[in-house]
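Here's a quick briefing to read alongside the model. Have the viewer open and follow the topics in order.

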Amino acid sequence: MLNKLSDTIYYLSNQNDKEQPTLGLVCGDHSSLIIDAGNSPQHAKDFLIEIEKLNVPPVKYLVITHAHWDHFLGMNEFDATIIVNKQTNELMKKWIEYSFDDQSLQHYVNNNEMNTLCKEIIQTEMPNREHFKLNTPQIIFEHALTLDLGNKVCMLEKITSTHTDDSTIVYIPDEKVIFLGDAAYGTTKSALYHFNQSLLAPMIQNIEKYNAEMFLLGHESICDTNEMQLYWEELTTANSAVNSSSLDNAIESFKVENKREPNDNELFFMQAFVNNQIIQSKKN
């Protein structure tokens, strides 16, 4: 069922065991906007069934926050104008050209163009897909876009992110609510989960410039200001302790700087920043 954040904002909670991210619904006087399309047509259909139970204006827009499959594979189910930033559009072009029969899916997995989990979800939730093709986005913006749903403004911006280079956030100023997608997370490269240290401060600045009080994240659902501030503090404190590819050195540096042991979250983040050091060293 949908969670009601206000009279005009709802969200479908993430289910990480099914690789389903948070999906959002923002309603104005004359139209509604969807944030992310789900990881499959079935995920999208489940969302639409819940929306139909509400007395809200018709869905006019669908915003895809970034070009990761779990956020857009359900987009054909929405009778809405699909909106993406320019970079997301470029990244999605290969998916729009994909065929979804079993042989093609296995080919993409073999070529590291798709992971096995994605293939399995498609096969499970899309039984009739021999002729399936993803729709093409209709509105492509460069840096920012403002939409008015009728006394309900939504501000879209492509921001610097430690997760992807194409992250879009959606801010609803009168509600002080921001949908972040996966923008605040790290990412995995060469089997190493990491945060790019050089992008961390610019990302936090990009997000904190908005006067948000509620934060909707792709795989945590919702955080308030205090929870988000704690997340930033743990990230930045862990980051400042990492200057090499040694976790032991980072832990010792952390203890000196903070006069305490790192907590579990900080240890996790330090390992991610150490992984970033390892990845950067391989580039040099």
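What follows covers the whole chain, then the sheet, then two residues worth a click.

Keep in mind that this is a predicted model. The chain carries 9 helices and 15 strands. Its radius of gyration is 20 Å against the 19 Å that the globule rule gives for 284 residues, so the chain is as compact as a globular protein of that length.

**Whole chain**

- If you're setting up a box, the C-alpha atoms fill one of roughly 55 × 50 × 35 Å along the principal axes.
- Burial comes out at 52% of the 284 residues.
- Take the contacts between residues at least 6 apart in sequence: 61% of them link residues at least 24 apart.
- About 13200 Å² of the chain is exposed, and carbon and sulfur atoms account for 46% of that area.
- On the charge side, there are 21 positive and 40 negative charges. The mean positions of the two sets sit 4 Å apart.

**The open sheet**

- Seven strands make up an open sheet: the order is 1-2-3-4-5-6-7, and the pairing is mixed.
- Strand 1 (3-4) and strand 7 (139-141) are the edges, each pairing on one side only.
- At the strand 1 end, strand 1 runs antiparallel to strand 2 (residues 9-12), with 2 bridges between them. N3 has Y11 of strand 2 as its bridge partner.

**Strand 4 and its two partners**

- Strand 4 (residues 32-35) pairs with strand 3 (residues 23-27) in the antiparallel sense, over 4 bridges. To find the register, look for L25, whose bridge partner in strand 4 is I34.
- These two strands, 3 and 4, form a hairpin, with 4 residues between them.
- With strand 5 (residues 59-63), strand 4 pairs in the parallel sense, again over 4 bridges. Here L33 has Y61 of strand 5 as its bridge partner.
- In a regular strand, side chains alternate between the two faces of the sheet.
- Which residues of strand 4 are buried on each side? S32 and I34 are buried on one side, L33 and I35 on the other, so both faces of the strand are covered.

**Q20, a loop residue**

- Q20 sits in the loop between strand 2 and strand 3.
- Is Q20 buried or exposed? Its relative accessible area is 6%, and because the cut-off for buried is under 20%, Q20 counts as buried.
- Setting aside residues up to four places away in sequence, Q20 touches N14, Q15, N39, H43, E125 and H219.

**I222, in strand 15**

- I222 belongs to strand 15 (residues 221-224).
- How does I222 score for exposure, and why? Its relative accessible area is 23%, and because partly exposed covers the range between 20% and 50%, I222 counts as partly exposed.
- Beyond its neighbours within four places in sequence, I222 is in contact with L5, Y11, M214, F215, L216 and E227. One of these, Y11, is also the bridge partner of N3.
- For a distance check, I222 and H68 are 154 residues apart along the chain, and their C-alpha atoms are separated by 20 Å.

Definitions and conventions. Residues numbered from 1 in each chain as written. Predicted model: local features only at pLDDT ≥ 70, side-chain atom pairs only at ≥ 80, totals over all residues. Heavy atoms only, no water. Rg over C-alpha atoms; globule rule 2.2 N^0.38 Å. Buried < 20%, exposed > 50% of the residue type's maximum accessible area, 1.4 Å probe, protein only. Contact = heavy atoms within 4.5 Å. Areas by Shrake-Rupley, 256 points an atom, 1.4 Å probe, with all protein chains shown as cover. Lys, Arg positive; Asp, Glu negative; His and termini not counted. Charge placed at Lys NZ, Arg CZ, Asp CG, Glu CD. Pairing = 2+ DSSP bridges.
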